[in-house]
Amino acid sequence: MIRCKVTLAGVVNKAASTHEGKDGKPFVSFGVNLPLGDKNGNVREYNVGVTADSELVTAGLVSIGKRVQVVGTLYFRKHEDGMYFNLYADSVTIDTSEIDKLEGEMEFMGKTGNKEIKLLNDKRGKKFQTFSAYSKENSGEQASFIWVHFLNFAPDKATWLRPATSIVVKGELEVKLYNQNLDLGCRVKEITEWQYEDKTPKKEEVQVF
């Protein structure tokens, strides 16, 4: 599970339209452009699909080219080679800052990879951990694995961390490009071991007499 409480600011690239949910209640959806860059000046544009209760948005006011700020809960969905951003809004306001941003806090439940947990030193000689972990996300009958890169500047609080360990992490969300590809990251604030329970139903043993 990856869930992020975020603030998004950007330009609307798909005008707001009203729909009816399965429960019969109306909701509004629209798209916001999110440009991401790397240290070499490369930029790729991503679309954030926003869903909001109809009372939060007047559809006609959220039109293509308008700048908005959206506060809400962000989820990532992976399909084939593409990553999709789905943001469920708590508030939507017209933005006048002209600064594109996506910032907030990540909650992560998943498992570290098989590579060793690296313990490095920063420029001041302070130790930190760097590691990657994945979350299994289900979309219908399809399952995908989303990887996140983590930086932990309090490694003394996670000396137990090992490869192939289930973990729960809370920290600062980082979204950027690396080698022109989307890179999800998190600066760790809290990390604990997750006692994962496999809830997959087991087949009953058949006894032969």
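**Figure 1. Asp38, a buried acidic residue without a salt bridge.** Asp38 is buried yet takes part in no salt bridge, and the nearest side chain of opposite charge, that of Lys39, lies 8.7 Å away. The model shown here and in the other views is predicted. Asp38 sits in the loop that joins strand S2 (26-37) to strand S3 (43-53). Its side chain reaches the backbone nitrogen of Asn42 at 2.9 Å. A polar atom of the Asp38 side chain also lies 3.0 Å from the backbone nitrogen of Asn40. With residues up to four places away in sequence left out, Asp38 touches Leu177 and Gln180.

**Figure 2. The protein as a whole, for orientation.** The protein contains 11 strands and 0 helices, and its pattern along the sequence reads β-β-β-β-β-β-β-β-β-β-β. Its C-alpha atoms fill a box of roughly 65 × 60 × 25 Å along the principal axes. Of its 209 residues, 35% count as buried. The exposed area is about 13,600 Å², with carbon and sulfur atoms supplying 48% of it. Among contacts with a separation of 6 or more, 61% are between residues 24 or more positions apart. The protein carries 29 positive and 29 negative charges, and the mean positions of the two sets are 5 Å apart.

**Figure 3. Surroundings of Val92 in strand S5.** Val92 belongs to strand S5 (residues 82-94). Its relative accessible area is 15%, so Val92 counts as buried, the limit being under 20%. Not counting residues up to four places away in sequence, Val92 touches Phe30, Ala52, Leu56, Val57, Gln69 and Val70. Val70 is 22 residues from Val92 along the chain, and the C-alpha atoms of the two are separated by 4.7 Å.

**Figure 4. The salt bridge between Asp100 and Arg67.** Asp100 and Arg67 form a salt bridge in which the closest N and O atoms are 3.2 Å apart. Asp100 lies in the loop between S5 and S6 and Arg67 in strand S4 (residues 67-79), so the pair ties together parts that are 33 residues apart in sequence. Arg67 is buried at 14% relative accessible area, whereas Asp100 is partly exposed at 38%. The structure holds 7 salt bridges.

**Figure 5. Two salt bridges involving Lys101, Glu103, Glu105 and Lys189****.** Lys101 and Glu103 meet through their side chains in a salt bridge with an N to O distance of 3.5 Å. Lys101 is partly exposed, with 27% relative accessibility, and Glu103 is partly exposed as well, at 43%. A salt bridge of 3.2 Å, N to O, joins the side chains of Glu105 and Lys189. This pair links distant parts of the chain, with Glu105 in strand S6 and Lys189 in strand S11 (residues 181-193), 84 residues apart. Glu105 is partly exposed at 35% relative accessible area, while Lys189 is exposed at 57%. Elsewhere, Arg67, Asp95 and Asp100 are joined into one network by salt bridges that share partners.

**Figure 6. Positive phi values at Glu98 and Ala164****.** Glu98 is not a glycine, yet its phi is positive, at about 60 degrees. Glu98 is located in the loop between S5 and strand S6 (101-112) and is exposed, with 66% relative accessibility. Ala164, also a residue other than glycine, has a positive phi near 55 degrees. Its place is the loop between strand S9 (142-152) and strand S10 (166-178). Ala164 counts as partly exposed, at 38% relative accessibility.

Definitions and conventions
Residues are numbered from 1 along each chain as its sequence is written. This is a predicted model: local features need pLDDT of at least 70, side-chain atom pairs count only at pLDDT 80 or more; totals for chains, interfaces and linings use all residues. Side-chain values use heavy atoms; hydrogens and water are left out. Helices (H or I, at least four residues) and strands (E, at least two) are DSSP runs, numbered from the N terminus. Buried means under 20% relative accessible area, exposed over 50%, partly exposed in between (1.4 Å probe, protein chains only). Lys and Arg count as positive and Asp and Glu as negative; His and the chain ends are not counted. A salt bridge is a side-chain nitrogen of Lys or Arg within 4 Å of a carboxyl oxygen of Asp or Glu. A polar contact is a pair of N or O atoms within 3.5 Å; within protein, one must be able to donate a hydrogen and the other to accept it, and residues adjacent in sequence count only if both atoms are side-chain atoms. Contact means heavy atoms within 4.5 Å. Accessible areas come from the Shrake-Rupley method with a 1.4 Å probe; for residues, only the protein chains shown count as cover. The place of a charge is taken as NZ of Lys, CZ of Arg, CG of Asp or CD of Glu.
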